[in-house]
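Trainee: Could we go through this structure together, taking some helix packing and some individual residues in turn?

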Amino acid sequence: MGCEITTRDRAGVINPMYDCQPAGAQYAGIGLKDAIPLVHGGQGCSMFVRLLFAQHFKENFDVASTSLHEDSAVFGGHMRIQEGLLTLARRYPKLRIIPVITTCSTEVIGDDVEGNIKYAKDQIEKEFPGREIYIYAVHTPSFKSSQVGGYTECMLSTWKDIAKQKAEPTGKVNIFPGWVNPGDVVLLKHYLKEFGVEGDIFMDTEDFDSPMLPDKSIHTHGRTSVEDIKASTGALASISLARYEAASTVDYLKNSFGVPGHQISAPYGIANTDALLQKISEITGKPIPDSLVHERGIALDALQDLAHMFFANKKVALFGHPDLVIGLAEFCMEVELEPTLLLLGDDNTRYKKDPRILAMKDKVAWDMEVVCNADLWELEKRVKDPAKKFDLILGHSKGRYVAIDAKIPMARVGFPTFDRAGLYRHPTMGYRGAMLLGEQIANAMFTHMEYTREREWLLNTW
Amino acid sequence: MPMVLLECDKDIPERSKHIYLKVEGEDQRDFLPISNAATIPGTLSERGCAFCGAKLVIGGVLKDTIQMIHGPIGCAYDTWHTKRYPTDNGHFNMKYVWSTDMKESHIVFGGEKRLEKSINEAFDEMPDIKRMFVYTTCPTALIGDDIKAVAKKVMSERPDVDIFCCECPGFAGVSQSKGHHVLNINWINEKVGAVEPEITSDYTINFIGDYNIQGDTQLLQTYWDRLGIQVIAHFTGNAAYDELRSMHKAQLNVVNCARSAGYIANELKKQYGIPRLDIDSWGFSYMAEGIRKVCAFFGIEERGEKLIAEEYAKWKPQLDWYKERLQGTKMAIWTGGPRLWHWTKSVEDDLGVQVVAMSSKFGHQEDFEKVIARGQAGTYYIDDGNELEFFEIIDLVKPDVIFTGPRVGELVKKLHIPYVNGHAYHNGPYMGFEGFVNLARDMYNAKANPLLKLAAKDIRGGKTQFMEAAE
């Protein structure tokens with residue numbers, strides 16, 4: 001019994017869990033209002049990431065490319081940055097923010113991105129006097145970190161460029177959830193509303209779930225505006241819900257503007273959500289509202305029906321974003337599921353010292369393995385290993401064939417979940433998220449029982 | 001005048017050289033949009049990169065081959081789970097992708113050792129697989145890793161494996177088209193001629209430029225079987241690596257997608273004297289014409305006529321049912337390139353559909369020559385169209401349905417225009433007789449979708465102008 005922390009020992013990757021840094025930077029960038037990220041690199045670096053977002057959200061997002069070609073690889077891509085920025089400024093008159101996201105190729109070439117931005121900004125000022133567009137470099141070479149680090153880098157670069165002065169006190173709370181779904185953003189807003197607390201969710205991706213309207217208007221874009229970012233420096237406090245995606249921006253607000261920063265466990269599961277609500281209460285001095293105690297009770301009531309009847313002793317493999325995987329492992333333990341394999345998909349060495357993992361290590365009463373820098377081949381090999389047994393896989397759609405081939409029920413969670421309908425709309429965080437995920441897991445198991453005729457009669461009377 | 005400067009392009013007037021509105025009486029000798037030229041940065045073009053043109057379109061189709069991508073993780077992640085090309089061995093090609101996961105130290109000190117280790121590991125982890133493609137990417141090309149030397153070393157140490165190297169980083173060329181070219185030429189120069197196929201028929205072909213999208217290859221294979229024609233190699237739908245090494249033994253190259261694979265057909269002609277025959281595999285009239293041409297080459301016309309008659313008897317009534325209902329439908333095609341000219345006339349002839357706008361991501365001059373020759377007057381022909389142009393064109397031509405990729409499909413959904421996946425299909429295959437009925441069915445179902453009318457309705461009262469237009 002106990003928890004072993006290992007690392008992928010192969011050099012190569014078979015079936016990656018995470019995309020590269022520029023992809024993560026683009027995800028953060030599309031959360032901004034009146035913004036089009038400009039990816040400085042080959043066209044594929046933005047085209048496929050846009051496709052990935054479209055697969056997950058069933059929506060289109062605007063991301064531009066400097067369309068790097070051979071001549072730029074030889075002589076540098078200076079002109080293409082300038083031309084790209086000017087073209088965007090001219091053709092999109094409402095544009096206010098352009099993060100310039102670098103890639104492996106342009107980092108290897110060593111283009112002076114900052115210098116070119118400055119030149120382009122001067123040109124824009126000449127052409128459109130008084131028009132302010134925030135343009136800044138986001139250095140995300142693909143050969144470092146992963147989409148997780150890229151998201152973080154774009155957040156921090158955005159705040160460093162836009163939030164330069166301490167704003168008047170707003171009395172608001174900044175919440176940085178990290179890379180989550182619109183469903184989570186809506187849930188967090190709901191919590192603030194129930195508290196009667198003013199706050200901003202960074203990034204506000206609520207409209208990543210956007211409607212078809214009679215007037216054909218398109219609202220698929222981030223809601224985090226220049227003003228929101230500037231005002232964040234005058235907030236009462238910031239709360240980071242994601243150690244690996246949000247903490248550095250919260251630290252920046254703390255160190256540069258004295259905004260108190262709080263790092264808490266990602267609010268997956270009941271206890272972690274309790275901690276979030278207690279933290280909001282502590283910061284604002286407002287009591288936790290009865291309505292949220294009620295929501296908590298509804299979730300507990302639902303999960304209670306599932307835990308010792310269906311979930312107990314079931315062995316679970318989890319993969320995906322680090323804060324999600326760790327948070328969901330904690331959730332699993334609350335409902336008597338046994339997380340036995342956690343896969344974290346990049347070379348961040350801090351995972352091994354994550355206090356949540358160390359706490360689980362002390363707590364588990366079964367064999368558990370945490371694989372760092374893992375790929376999905378690590379999952380597949382363990383799932384195929386007759387000495388091991390998994391009852392459930394929790395992860396994103398890129399792992400679908402592991403579950404399909406091994407005939408193990410899988411609940412899709414995280415990013416991307418393109419092979420299931422509408423998941424991005426539902427929260428995974430909070431009481432409601434825990435309840436919905438618990439029920440999704442149960443229903444995946446029930447369907448599996450029926451298709452495999454494995455004690456499917458249990459459900460005859462449930 | 002026929003070259004069009006759209007309102008959204010007033011700041012990039014050179015775009016007018018890429019957009020052509022055909023006027024009655026004109027043809028491709030009068031006006032031809034510029035194509036295969038560099039994209040203007042920041043225009044929100046639809047183009048991908050050369051690497052994806054090689055890996056995603058052609059190499060990644062192979063059913064028995066490891067696709068080792070030498071570069072950072074994104075190039076592998078992004079070209080995985082983006083295609084629908086099944087195989088008859090359980091879709092090995094769609095389940096896996098391999099990367100050397102290059103990190104900063106490899107960029108600084110070189111990644112050849114990393115590549116060698118990754119190749120050996122991949123073969124060790126999957127001992128049944130003996131074939132591999134290795135691709136360079138932007139950074140590994142820039143630092144100059146010699147992937148061929150690494151492949152050679154591994155092959156000398158592992159005599160039972162064979163490795164093909166494809167050097168086409170993302171920044172090569174102006175679009176994915178460059179990747180098609182590099183892969184075609186390198187393959188024929190390095191691998192064709194190495195394997196002798198077993199000949200089982202007097203009539204042998206290579207079927208070139210078909211990637212088994214939703215089973216296209218497998219559907220057409222039933223025709224070749226009924227005609228008694230042996231397909232030595234499919235380039236590359238549902239194909240095995242070694243089949244493609246024996247392409248030199250076919251009597252005829254039948255080419256569907258001339259853009260992505262015309263190069264290898266030309267080389268097979270030049271190097272081995274194998275004639276090239278271009279056909280269109282989408283549409284009833286075209287498919288029948290293609291079968292007739294192939295059968296005429298072999299002198300087996302009766303077999304061809306029999307097959308065509310059987311297929312017409314089986315599928316034509318269904319096609320006509322849809323034709324009756326699709327008559328006059330206005331369709332836009334925004335895909336890669338060749339499907340513009342494959343489809344424009346076949347949907348017109350077979351379904352009575354009018355193609356009102358077409359945009360090509362990576363077509364070349366000959367693609368535009370073909371499409372303008374086949375297409376109608378009053379239709380827009382666009383090279384490398386971008387998002388603002390699409391909005392403007394939609395206002396101008398008001399299409400009823402758009403055949404394009406899923407991301408653009410999501411965009412036009414907000415404008416109450418249904419899309420059908422023009423790359424990966426909705427519910428294919430779309431090739432062949434049965435396939436074209438599928439295409440017609442998907443177009444009909446898209447257009448008949450009741451949600452579109454509901455979307456146009458403003459429940460606050462009164463009719464919107466869009467609702468009136470929809471009626």
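**Helix packing and selected residues**

Mentor: In this predicted model, α14(B) and α15(B) are roughly parallel to each other, because their axes cross at roughly 10 degrees and angles under 35 degrees count as roughly parallel.

Trainee: Within what distance do the axes of α14(B) and α15(B) come, and what is the handedness of their crossing?

Mentor: Helix α14 covers residues 338-351 of chain B and helix α15 covers residues 365-374 of chain B, and their axes come within 8 Å. As for the sense in which one passes the other, the crossing of α14(B) and α15(B) is left-handed.

Trainee: Which residues of α15(B) meet α14(B), and how many residues of the contact are charged?

Mentor: From α14(B), the residues involved are B:Pro338, B:Leu340, B:Trp341, B:His342, B:Thr344, B:Lys345 and B:Glu348, and they meet B:Asp367, B:Lys370, B:Val371 and B:Arg374 in α15(B). Divided by class, the contact of α14(B) with α15(B) has four nonpolar and two polar residues, and the number of charged residues is five.

Trainee: How are α13(B) and α14(B) oriented, parallel or perpendicular?

Mentor: The axes of helix α13, residues 301-326 of chain B, and of α14(B) come within 9 Å and cross at roughly 95 degrees. Since angles of 65 to 115 degrees count as roughly perpendicular, that crossing makes the orientation of α13(B) to α14(B) roughly perpendicular.

Trainee: Which residues of α14(B) make that contact with α13(B)?

Mentor: The residues of this contact divide into three nonpolar, no polar and three charged. On the α13(B) side they are B:Leu319, B:Lys323 and B:Leu326, and on the α14(B) side they are B:Asp349, B:Asp350 and B:Leu351.

Trainee: Why is α5(B) called oblique to α7(B), and what is the handedness of the crossing?

Mentor: Helix α5, residues 112-125 of chain B, and helix α7, residues 147-157 of chain B, have axes that come within 10 Å and cross at roughly 40 degrees. That angle makes α5(B) oblique to α7(B), because only angles under 35 degrees would count as roughly parallel and those of 65 to 115 as roughly perpendicular. The crossing in which α5(B) passes α7(B) is right-handed.

Trainee: Turning to chain A, is A:Thr103 buried or exposed, and which backbone oxygen lies 2.9 Å from a polar atom of its side chain?

Mentor: A:Thr103 is found in the loop between β5 (97-102) and α5 (104-109) of chain A, and it counts as buried because its relative accessibility is 0%, where buried means under 20%. Beyond its neighbours within four places in sequence, A:Thr103 is in contact with several residues, among them A:Pro22, A:Cys45 and A:Thr140. The backbone oxygen lying 2.9 Å from a polar atom of the A:Thr103 side chain is that of A:His40.

Trainee: How is A:Tyr351 placed, and what separates its C-alpha atom from that of A:Pro322?

Mentor: A:Tyr351 sits in the loop between β12 and α15 (355-363) of chain A, and it is buried, with a relative accessible area of 0%. Not counting residues up to four places away in sequence, A:Tyr351 touches residues including A:Tyr18, A:Tyr244, A:Pro322 and A:Cys372. A:Pro322 is 29 residues away along the chain, and the separation of the two C-alpha atoms is 7.9 Å.

Trainee: What is the relative accessible area of A:Thr340?

Mentor: A:Thr340 belongs to strand β12, residues 338-344 of chain A, and its contacts beyond four places in sequence include A:Lys315, A:Trp366 and A:Phe390. A:Thr340 is buried, and its relative accessible area is 9%.

Conventions:
Residues are numbered from 1 along each chain as its sequence is written. Chains are lettered from A and ligands numbered from 1 in the order in which they are written. This is a predicted model: local features need pLDDT of at least 70, side-chain atom pairs count only at pLDDT 80 or more; totals for chains, interfaces and linings use all residues. Side-chain values use heavy atoms; hydrogens and water are left out. Helices (H or I, at least four residues) and strands (E, at least two) are DSSP runs, numbered from the N terminus. Buried means under 20% relative accessible area, exposed over 50%, partly exposed in between (1.4 Å probe, protein chains only). Contact means heavy atoms within 4.5 Å. A polar contact is a pair of N or O atoms within 3.5 Å; within protein, one must be able to donate a hydrogen and the other to accept it, and residues adjacent in sequence count only if both atoms are side-chain atoms. Axes are lines fitted to C-alpha atoms, for helices over the stretch in contact, and angles run from 0 to 180 degrees between N-to-C directions. Angles under 35 degrees count as roughly parallel, over 145 as roughly antiparallel, 65 to 115 as roughly perpendicular and the rest as oblique. A crossing is left-handed if the near helix is turned anticlockwise from the far one by less than a right angle, and right-handed if clockwise. Ala, Val, Leu, Ile, Met, Phe, Trp, Tyr, Cys and Pro count as nonpolar, Asp, Glu, Lys and Arg as charged, and the others, Gly among them, as polar.
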